[in-house]
Amino acid sequence: MNKFAQIFKRDNDWNEKTILGFLSFGIMVFVMMVDLVTGLWSHHLPIHQFTYNSFVVVTLGSFGISGFEKYASIKNNK
């Protein structure tokens, strides 16, 4: 539990935005795989577009902010 509490400190080794982006991307991949399997079984899996778009925005936003912070910290250190 102590390691889990460490990620909420200001100074830690974990990038929470990258973790959130990876989890969101993993959920999107999982849902698409389930949709593919159910399509092969001739069952319809309804996926609402606003739900999928929300995961896309969270994924791109998390990775984009994380990447920008990495790039900005390199420029600030030089």
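**Buried polar residues of helix H3 and a nonpolar surface patch**

In this predicted model, Thr59 lies within helix H3, which spans residues 49-77. Thr59 has a relative accessibility of 4% and is therefore classed as buried, the cut-off for that class being under 20%. The side chain of Thr59 is engaged in a polar contact with the side chain of Ser24, at 2.7 Å. When neighbours within four places in sequence are set aside, the residues in contact with Thr59 are Gly21, Ser24, Phe25 and Met28, so that Ser24 appears both in this set of contacts and as the polar partner of the Thr59 side chain.

A second residue of helix H3, Ser62, has a relative accessibility of 7% and is likewise counted as buried. With neighbours within four places in sequence again excluded, Ser62 is in contact with Lys17, Leu20 and Gly21. Gly21 is thus listed among the contacts of Thr59 and also among those of Ser62.

On the surface of the model, a nonpolar patch is formed by Trp14, Ile19, Phe22, Leu23, Phe25, Val29, Met33, Leu36, Val37, Leu40, Trp41 and Phe63, which together present about 1300 Å² of accessible area. Helix H2, comprising residues 16-40, supplies the largest share of this patch, with nine residues, whereas Trp14, another member of the patch, is placed in the loop between helix H1 (2-6) and H2. Phe25 links the two parts of this description, being a member of the nonpolar patch and one of the residues in contact with the buried Thr59.

Technical notes: Residues are numbered from 1 along each chain as its sequence is written. This is a predicted model: local features need pLDDT of at least 70, side-chain atom pairs count only at pLDDT 80 or more; totals for chains, interfaces and linings use all residues. Side-chain values use heavy atoms; hydrogens and water are left out. Patches are made of residues with over 30% relative accessible area and no salt bridge: like charges are joined within 9 Å, nonpolar side chains (Val, Leu, Ile, Met, Phe, Trp, Tyr) within 5 Å. Accessible areas come from the Shrake-Rupley method with a 1.4 Å probe; for residues, only the protein chains shown count as cover. A salt bridge is a side-chain nitrogen of Lys or Arg within 4 Å of a carboxyl oxygen of Asp or Glu. Helices (H or I, at least four residues) and strands (E, at least two) are DSSP runs, numbered from the N terminus. Buried means under 20% relative accessible area, exposed over 50%, partly exposed in between (1.4 Å probe, protein chains only). A polar contact is a pair of N or O atoms within 3.5 Å; within protein, one must be able to donate a hydrogen and the other to accept it, and residues adjacent in sequence count only if both atoms are side-chain atoms. Contact means heavy atoms within 4.5 Å.
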